[in-house]
Amino acid sequence: MTYSVLKAYFNDKNTLRDQKAPGPGFEEESLKKGRALDLPDPKLVEDRDLSLKEALEKRRTIRNYGPQIMTLKDLSYILHYTYGNRVNRGEVIAKFVPSAGERYSLNLFVLVFGILDVEKGVYYYSPSEHRLYLVNQLGDLQGHFVEAMKGQEFAGRAKVALFLAASPERIEYAYPTDGNKLMLLDAGHVFQNAILAGLNLGFGSCPLAKYDQDKIEDLLALPEGMVAIYALTLGKVRGQS
């Protein structure tokens with residue numbers, strides 16, 4: 001789905017929330033059919049305990065990744081503070097990031113390239129369960145990802161890549177005409193958290209929005225109507241312990 005199509009999607013809609021209609025769910029249940037991977041408790045991960053000032057001063061865009069290992073505990077920590085649920089009560093949820101109207105229209109996908117004891121593949125992150133679900137597996141995952149990212153070779157050298165994809169119907173429930181803009185703003189909030197969470201474990205990152213729309217949506221195995229919008233690669237800085 002292109003951005004122009006996305007804009008058109010939101011034109012001339014009635015506000016369902018004002019009509020007291022039940023809202024759509026916050027997760028895509030159709031993506032929870034693959035092999036499940038439970039994530040460790042993120043609160044047990046030993047981080048660097050950086051102050052906000054230290055984190056902001058240390059933040060850099062990193063494209064030169066080293067061979068150092070990322071563990072499942074590291075990934076659990078990053079996902080939890082990126083898009084995990086602080087409050088999880090059915091139709092009432094709260095995260096570590098704001099969202100317009102608390103609609104949380106984004107979905108988080110994880111492309112695993114080099115995590116200790118985790119199979120390479122594309123996974124869907126369920127915040128309510130703090131669990132990953134395998135949605136796609138390819139023989140040369142990095143190669144397919146680099147191709148979808150229009151030849152950005154460094155992206156395939158990361159240990160993991162995160163990708164945000166939007167479910168427009170969630171945001172249109174409350175904002176039928178402004179939803180396209182609000183979803184993009186929400187994506188910025190989410191990846192700011194990912195950048196800072198990764199930094200607190202010693203991982204550098206690079207946000208990316210240059211990609212082939214059709215190829216990346218095929219790679220993520222997105223269901224119809226969902227649109228890929230933003231990527232972030234993560235890995236240890238080369239030469240850093």
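In which helix is the place of His80? In this predicted model, His80 belongs to helix 3. With a relative accessible area of 10%, His80 falls under the 20% cut-off and is therefore buried. Beyond the neighbours within four places in sequence, the contacts of His80 are Pro42, Asn85, Phe96, Tyr125 and His130. Two of these names lead on to the strands: Tyr125 lies within the residue range of strand 5, 121–126, and His130 sits in the turn of a hairpin.

That hairpin is a good place to continue. Strand 5 and strand 6 form it, with 4 residues between them. In the turn, His130 has a positive phi of about 45°, and this is the residue already met as a contact of His80. The two strands run antiparallel and are joined by 5 bridges. Within this pairing, Tyr123 has Leu134 of strand 6 as its bridge partner. Strand 6, which covers residues 131–136, also pairs with strand 1, residues 36–38. Here too the direction is antiparallel, and 3 bridges make the connection. Leu37 stands opposite Leu132 of strand 6.

Helix 3 also has a helical partner. What is the handedness of the crossing between helix 3 and helix 6? The crossing is right-handed. The axes of helix 3, residues 72–83, and helix 6, residues 179–199, come within 8 Å and cross at roughly 150°. From helix 3, the residues that take part are Tyr77, Ile78, Tyr81, Thr82 and Tyr83; from helix 6, they are Val190, Asn193, Ala194, Ala197 and Gly198. By class, the residues of this contact divide into 7 nonpolar and 3 polar, with no charged residue.

Helix 4, residues 141–148, offers another view of packing. Its buried residues are Leu141, Gln142, Phe145, Val146 and Ala148. Why do these residues line one face of helix 4? Viewed down the helix axis, the buried residues fall within an arc of 160°, so they share one face. The general geometry is helpful here: an α-helix has 3.6 residues a turn, so residues three or four places apart point the same way. The buried residues of helix 4 pack against several elements, namely strand 4 (106–112), strand 5, strand 7 (160–166), helix 7 (213–219) and strand 9 (227–236). Strand 5 thus appears both in this packing and in the hairpin with strand 6. After helix 4 comes Lys150, which has a positive phi near 60°.

Notes: Residues numbered from 1 in each chain as written. Predicted model: local features only at pLDDT ≥ 70, side-chain atom pairs only at ≥ 80, totals over all residues. Heavy atoms only, no water. Pairing = 2+ DSSP bridges. Buried < 20%, exposed > 50% of the residue type's maximum accessible area, 1.4 Å probe, protein only. Arc of directions from axis to C-beta. Contact = heavy atoms within 4.5 Å. Axes fitted to C-alpha atoms, helices over the stretch in contact; angles between N-to-C directions. Left-handed = near helix turned anticlockwise from the far one by under 90°. Nonpolar A, V, L, I, M, F, W, Y, C, P; charged D, E, K, R; others polar.
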